[in-house]
Amino acid sequence: TTDADALRRSAAAHLWPHFSRLSSVVAGELPVIVRGEGAYVWDARGHKVLDGLAGLFVVQAGHGRGELAEAAAKQAEQLAFFPVWAHAHPAAIELAERLANLTPGDLDRVFFTSGGGEAVESAWKLAKQYYKLVGKPLKHKVISRSIAYHGTTQGALAITGIPALKQMFEPLVPGAFRVPNTNIYRAPEHGDDPVAFGRWAADQIAVAIEAEGPDTVAAVFLEPVQNAGGCFPPPPGYFQRVREICDAYDVLLVSDEVICGFGRTGAMFGAQRYGYQPDIITCAKGLTSGYAPLGAMIVSDRLVEPFLRDTTMFAHGYTFGGHPVSAAVGLANLDIFAREDLVGHVARNAPAFRATLERLLDLPIVGDVRGDGYFYGIELVKDKTTKESFTAAESERLLRGFLSGALYDAGLYCRADDRGDPVIQLSPPLICDQTHFDEIESILRSVLTEAWARI
Ligand code: PLP
């Protein structure tokens, strides 16, 4: 406890945690996590918590994997750093080949970054340069979905569709436009017909391309399952229709798999789960299970073709993109995926996870349970029959004032998000099984019951 207090005091004085209210940090409310094992982490006070969010949609293989630490140490001893910048090293080469083999279709070329936002930035820049090289220089705009999160650098933030994150940084990179997401629970049309709703939502992309001018639109950025706003899986046929639209208008389909990549939905990539072929996959997070930072943009042969011409280059890069230690960890992580069949494990257990979470639908505060694989959102409502939402003030009191702290104290780390309506997000490590599902359900049940009593 003395250590815990000293750490909190030091953090209060000097640390600036991301997306955190500094007032809470200064008040000493910051949990300090010191150790992890399997699906659990422990804080500096010795409190054990089930990691219901895999850190931040990251720790696919679970905590405390000695072999990933060993892979990092071995690579650091042999060659700690050399850039993938006019040079290469074996770990990056081998990982690029492995990724090209794991991704669908002709996504054969891998450009490494340090994280997800950089992969998204890279994809927008690549789309712009590609269209310049093939003689369509006006194509520079991008389309994404309402409330989707794609990163925080100024290009990625322009693509991000969460107004509250953007307003204070305007003007951002111009040319990013929004279409509706696939929140069928609050669908403006066709809420009772997933196929019609999916068709309508996909067609909004065509409407936006027509409105902006087809000659000016370069790419559409979509997550297989949209995270922010509350976990929106694609309705049946949605991505097939999006693909048709992208082909008809010559617009690139970027599958942002920073969360959905590496098994989250029960397939290696979300594009495989939902049966569509993207032109680019962006990924990060689960690529190393978080044991070292790494992201990647994986690109189709067609986009690479103009860059094969003599003297043409993609003039873009990051010092740490494809860092040797991260790449070595990525390889060891993919070894775990293969040896333990983590993706198959998720696919086999996903129905049980869904069924366990759906038991919570008998609580008056739970309006909707939605998601896929090991990736769920639980939407909280004031009135289940009318789907009446909590007001912003009620939502603030409920989520920040009570739920975040109460869930953590009860032994569950997850996220209570209010980018749209209040949603509890779950994305546990892929090693989890029924024991963990039951624990998650029982903590949620008792804490949500208390939350309802307090309203
Ligand atoms: N894209 C998606 C879909 C994400 O969820 C995130 C991060 O959560 C990003 C991009 C940005 O990734 P990073 O935080 O590694 O820059």
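This report walks through a predicted model, from its ligand site to two of its sheets and three buried residues.

## Around the ligand

Let's start with the ligand. Its surroundings are made up of G115, G116, G117, Y149, H150, G151, E223, D256, V258, I259 and K285. Sorted by character, this shell holds 3 nonpolar, 5 polar and 3 charged residues.

Which residues place an N or O atom close enough to the ligand for a polar contact? G117 is one of them, with a backbone N or O atom 2.7 Å from an oxygen atom of the ligand. D256 uses its side chain instead: a polar atom there sits 2.8 Å from a nitrogen atom of the ligand. K285 also uses its side chain, with a polar atom 3.0 Å from an oxygen atom of the ligand. On its own the ligand would expose 390 Å², and the protein buries 78% of that area.

## T113, at the end of β4

T113 belongs to strand β4, which covers residues 107-113. Buried or exposed, where does T113 fall? T113 counts as buried because its relative accessibility is 0%, and the cut-off for buried is under 20%.

The side chain of T113 also makes a polar link, reaching the backbone oxygen of G115 at 2.8 Å. G115 is itself among the residues surrounding the ligand. Leaving aside residues up to four places away in sequence, T113 touches E118, A119, S122, L294, G295, A296, Y318, F320, G321 and G322.

## An open sheet of four strands

Now for a sheet. Four strands, in the order β1-β2-β3-β13, form an open sheet with mixed pairing. Its edges are β1 (33-37) and β13 (412-413), each of which pairs on one side only.

Inside this sheet, β2 (residues 40-43) and β3 (residues 48-51) run antiparallel and are joined by 3 bridges. Across that pairing, Y40 stands opposite L50, and V41 stands opposite V49. The two strands make a hairpin with 4 residues between them, and G46 in the turn has a positive phi of about 90°. How do β3 and β13 pair, in the parallel or the antiparallel sense? They pair in the parallel sense, over 2 bridges. L50 takes part here too, with L412 as its bridge partner in β13. L50 therefore faces Y40 in β2 and L412 in β13.

## Strand β9 and its neighbours

Strand β9 spans residues 280-283, and its side chains split between two directions: I280 and T282 point one way, I281 and C283 the other. All four are buried.

Strand β9 has pairings with β8 and β10. With β8 (residues 252-256), β9 runs parallel, and 3 bridges join the two. With β10 (residues 295-300), the pairing is antiparallel and covers 4 bridges. I280 appears in both: I280 is the bridge partner of V254 in β8, and V299 in β10 is the bridge partner of I280. There is a link back to the ligand as well, for D256, which lies within the range given for β8, has a polar side-chain atom 2.8 Å from a ligand nitrogen.

## Two more buried residues

F232 sits in the loop between β7 (217-222) and α10 (238-249). Why does F232 count as buried? Because its relative accessible area is 3%, and buried means under 20%. Its contacts beyond four places in sequence are N181, T182, N183, P224, V225, Q226 and R370. F232 and I184 are 48 residues apart in sequence, with their C-alpha atoms 7.9 Å apart in space.

I443 lies in helix α16, which covers residues 434-454. I443 is buried too, with a relative accessible area of 9%. Apart from residues up to four places away in sequence, I443 touches L407, A410, G411 and L412. The last of these, L412, brings us back to the open sheet, where L412 in β13 is the bridge partner of L50. I443 and A44 are 399 residues apart in sequence and 21 Å apart in space, C-alpha to C-alpha.

Conventions:
Residues are numbered from 1 along each chain as its sequence is written. This is a predicted model: local features need pLDDT of at least 70, side-chain atom pairs count only at pLDDT 80 or more; totals for chains, interfaces and linings use all residues. Side-chain values use heavy atoms; hydrogens and water are left out. A residue is near a molecule or strand if one of its heavy atoms lies within 4 Å of it. A polar contact is a pair of N or O atoms within 3.5 Å; within protein, one must be able to donate a hydrogen and the other to accept it, and residues adjacent in sequence count only if both atoms are side-chain atoms. Accessible areas come from the Shrake-Rupley method with a 1.4 Å probe; for residues, only the protein chains shown count as cover. Ala, Val, Leu, Ile, Met, Phe, Trp, Tyr, Cys and Pro count as nonpolar, Asp, Glu, Lys and Arg as charged, and the others, Gly among them, as polar. Two strands pair if DSSP finds at least two bridges between them. Buried means under 20% relative accessible area, exposed over 50%, partly exposed in between (1.4 Å probe, protein chains only). Contact means heavy atoms within 4.5 Å.
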